[in-house]
Amino acid sequence: MSTGMSVSVAQLAAAVAGNVIPARDQSEADALARIISGVGSLGDAKSGDLSFLANLKYAGMLATTMAGAVLVREARPALPLSVQIVVANPDFALAQLVAAFGPQPAVPELGIHPTAMIGNHVRIGARTRIGAFVVIGDNCVIGDDCVLYAHVVLGAETSLGSSCILYPQVSVRERCVLGDRVLLHNGAVIGSDGFGFATIDGIHRKIPQVGIVVIEDDVEIGANSTVDRARFGRTRIGAGSKIDNLVQIAHNVEIGPHAILAAQVGIAGSTKLGHHVTLAGQAGVAGHLVIGDQATATGKAGVTKNLPNGTVARGLPAQEYKAQIAQEIAVRKLPETAERVRMLERRVMELERLLMQTNGKGRA
């Protein structure tokens, strides 16, 4: 797939400290001079594309790929067509190269678009870009080098650190705090009211949600994800955490640093996650729980109890991985087990009948 870039293999290798292995029947000079203009998978790449091998199950495709250059972890025998660039982590190296040499996202012009609405006593840092129809409430603080795309809304007294990027339709409600290098994708909502109601005489009465959301440095939150403000105090997203699209984080949740939350995860109120927790797609976590450091809930897991540090849990209700797998296997074998029980019952009945006959003959 063409990305509009035009860069030599020598430049690519230098950017990621890679070692170049020429293709079969190719000189080192020709290998270094080869021009790369796009990226693609091993199966789809063309002669001008860069590809990569991160998962060894695709290693067999190296012999047939048309890619002009391939990022690999270990040098292999010279490939028929492709130059090899040996790096420590091909997946990450590809990301670095695309970021450095690929097409750059279009950003609003430097300064404030004339259609933006800026409140009173707003402080805006240097080199910040504010796009069309952005609304910024009173007393907001925006750090240096931030980018706010069209139709972003910041509530009053919101604070952004430096180098934050807020894509179109992002909404950050009043008094919420974002650290440095926070990235919010389209439609993310930060600081909406937590789901709090008291049922009085059969009527659900709203409980005011007067807390805030604190998002620490280097957090990325996907499109249409929501982080509710605390009932009081704060909902917190720890530094370096990465949150996918369509994730719901309820009021007063505390997420430790470097968490990974995949699409459609839901976390109920006041639950606390340790550091490096992973919640796979559609995992759900009940409220008021503690999820330990480096714990993992697999896809569609329903977590209803605390998880100790390092636990891998799956299923509904979620249980330790090996125990749940054993139960799942046992359930799949239920028809076979039931048939075996019926057979044993028949044998017992036959043995009882024979025993009764033997005892009857003995008395006679």
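Here are some numbered notes on this structure, which is a predicted model.

1. Let's begin with the nonpolar cores. The largest one has 52 residues. Leu148, Leu154, Leu166, Leu184, Leu261 and Leu279 are the residues with the most contacts inside this core. A second core, separate from it, has 19 residues, including Val16, Val39, Val83 and Val87.

2. Pick out Leu184 and look around it. Which residues does Leu184 touch, once you set aside neighbours within four places in sequence? Its contacts are Ile165, Leu166, Tyr167, Val170, Val172, Leu178, Ile190 and Ile221. One of these, Leu166, is also on the list of residues with the most contacts inside the largest core.

3. Now for Glu254, which sits in strand β29 (residues 254–255). Is Glu254 buried or exposed? Its relative accessible area is 16%, and buried means under 20%, so Glu254 counts as buried. Its side chain has a polar partner: the side chain of Arg236, at 2.7 Å. Beyond neighbours within four places in sequence, Glu254 is in contact with Arg234, Arg236, Thr271, Lys272 and Leu273.

4. Gln26 is worth a click too. You'll find it in the loop between β2 (19–21) and α2 (28–33). Don't assume that a loop residue must be exposed: Gln26 has 18% relative accessibility and counts as buried. The side chain of Gln26 reaches the backbone nitrogen of Ala23 at 2.9 Å. Not counting residues up to four places away in sequence, Gln26 touches Ala31, Arg34 and Val83. Val83 is one of the residues in the second core.

5. Phe232 is another loop residue, placed between β25 (226–228) and β26 (234–237). Its relative accessibility is 54%, and exposed means over 50%, so Phe232 counts as exposed. Still, Phe232 has contacts beyond its neighbours within four places in sequence: Val210, Gly211 and Asn252. To get a feel for distances, go from Phe232 to Met356: they are 124 residues apart in sequence, with 76 Å between their C-alpha atoms.

6. Next, try helix α5 (residues 334–363), where Leu351 lies. Leu351 is exposed, with a relative accessible area of 56%. From Leu351 to Tyr58 is 293 residues along the chain, and their C-alpha atoms are separated by 58 Å.

7. Some backbone geometry now. Most residues other than glycine have a negative phi, and most peptide bonds are trans. Ser163 isn't a glycine, yet its phi is positive, at about 60°. Ser163 is in the loop between β15 (159–160) and β16 (165–166), and with a relative accessible area of 32% it is partly exposed. Gln264 also has a positive phi, near 65°. Its place is the loop between β30 (260–261) and β31 (266–267), and Gln264 is partly exposed, with a relative accessible area of 41%.

8. Which peptide bond is cis, with omega near -5°? That's the one from Leu316 to Pro317. Look for Pro317 in the loop between β38 (312–314) and β39 (319–320).

9. Last, the largest pocket. How would you search for one? Rolling a probe the size of a water molecule over the atoms shows where empty space is left. The volume of the largest pocket is about 180 Å³. Its lining is made up of Phe92, Ala95, Val98, Ala99, Pro103, Gln104 and Pro105. By class, that gives six nonpolar residues, one polar and no charged ones.

Key: Residues numbered from 1 in each chain as written. Predicted model: local features only at pLDDT ≥ 70, side-chain atom pairs only at ≥ 80, totals over all residues. Heavy atoms only, no water. Helix = DSSP H or I, 4+ residues; strand = E, 2+ residues; numbered from the N terminus. Buried < 20%, exposed > 50% of the residue type's maximum accessible area, 1.4 Å probe, protein only. Polar contact = N/O pair within 3.5 Å; in protein donor to acceptor, adjacent residues only side chain to side chain. Contact = heavy atoms within 4.5 Å. 1 Å grid on protein atoms, 1.4 Å probe; cavity = no way out; pocket = protein on both sides within 12 Å on 5 of 7 lines; lining within 4 Å. Points joined across faces, edges and corners; volume = space filled by probe spheres on them. Nonpolar A, V, L, I, M, F, W, Y, C, P; charged D, E, K, R; others polar. Core = buried A, V, L, I, M, F, W, Y, C linked by side-chain atoms within 4.5 Å.
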